[in-house]
Amino acid sequence: ILLDVMGTGSLIDNKGLIITNAHVVENATQVWIYPASKDPSGELVLRESDKFLAIVINEDKKTDLALLKIVGLAKKIKPIPMGNLKDIFPGEQVFAIGHPEAYFVWSISDGIVSAVRPNYIWLENEATVIQNTAAISGGSSGGPLFNSEGRMIGVNTMSYEQGQSLNFAIAINHVKELIQNTDISNTKTANESINEKKLSEKFSI
């Protein structure tokens, strides 16, 4: 996801729903989405010609989650399957994907679940979070935290720089709750509502 800042997001269904952090989109109503693309050498890149426009259809700033919708994705693109909070346990291997420092795009790191912390409070947020050791940094916010089965169990949101391996992801149950609380059938598609000229004028892309 790219505005005047960069973050990461995950396609979670074949209707074009994407989950990310609320602090990534901030007060925006429309954003750019860059799917994974390969350059001639095979390296994963962000390509201008491949970008999509999306609208922010719901936010929960308390849990730091935002739900986006785009149209026009190829049907062969598969959404990320979601896991369950009850199946997460300390010591479980996990993987984080993101764009560290908005430069090292499509980076993956691994670690383990350190703890599941219900009702964790940070800044103005409160949610069940997964404390883990999979390294993340600026640009990785909103990206998926996977288990070893390839299921998303959390949305990466922050890390404590003053500590070591103190990384946190919003637990997947909050993603499911946000989807359930969103009337997707009554949402305008990106093609209907997004004005690319206005978006380009508002943000430095």
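## Strand β10 and its partners

Let's start with β10 and β13, two strands that pair in the antiparallel sense over four bridges. Within this pairing, Asn 132 faces Asn 167 in β13, the two residues standing opposite each other. Keep in mind as you look around that this is a predicted model.

Strand β10 also pairs with β9, again in the antiparallel sense, this time over seven bridges. One of the residue pairs here joins Trp 122 to its bridge partner in β10, Asn 125. The two strands form a hairpin with two residues between them, and in the turn you will find Leu 123, with a positive phi of about 50°. How many of the eight residues of β10 are buried? Seven of them are, so the strand is largely enclosed by the rest of the structure.

## A sheet of five strands

Next comes an open sheet whose five strands follow the order β1-β2-β7-β6-β3, with antiparallel pairing. The edges belong to β1 (10-11) and β3 (30-33); each has a single partner strand, so one side of each is left without a neighbour in the sheet.

Inside this sheet, β6 (residues 52-60) and β7 (residues 65-69) are joined by five bridges in the antiparallel sense. Look for Glu 59, which stands opposite Ala 66 in β7. Helix α2 (residues 172-180) lies across β2 (17-20), β6 and β7, and runs at about 50° to β7.

## Two nonpolar cores

The largest nonpolar core holds 22 residues, and those touching the most other members are Ile 12, Ile 19, Leu 65, Leu 67, Trp 122, Ile 170 and Val 175. Many elements contribute: β2, β6, β7, β9 (107-122), β10 (125-132), β12 (152-159), β13 (167-171) and α2 each supply at least two residues.

Ile 170 is a good residue to click on. Leaving aside residues up to four places away in sequence, its contacts include Leu 65 and Trp 122, as well as Ala 127 and Val 129. Ile 153 and Val 155 are also among the residues that Ile 170 touches. A second core, separate from this one, has 12 residues, including Ala 28, Val 31, Phe 52 and Ala 54.

## The largest pocket

Finally, the largest pocket contains about 500 Å³ of space. Which residues of its lining are the closest to its centre? Of the 26 lining residues, they are Gly 9, Leu 11, Pro 35, Ala 36 and Trp 106. Two elements, β1 and β11 (144-147), give two or more residues to the lining.

Notes:
Residues numbered from 1 in each chain as written. Predicted model: local features only at pLDDT ≥ 70, side-chain atom pairs only at ≥ 80, totals over all residues. Heavy atoms only, no water. Pairing = 2+ DSSP bridges. Contact = heavy atoms within 4.5 Å. Axes fitted to C-alpha atoms, helices over the stretch in contact; angles between N-to-C directions. Core = buried A, V, L, I, M, F, W, Y, C linked by side-chain atoms within 4.5 Å. Buried < 20%, exposed > 50% of the residue type's maximum accessible area, 1.4 Å probe, protein only. 1 Å grid on protein atoms, 1.4 Å probe; cavity = no way out; pocket = protein on both sides within 12 Å on 5 of 7 lines; lining within 4 Å. Points joined across faces, edges and corners; volume = space filled by probe spheres on them.
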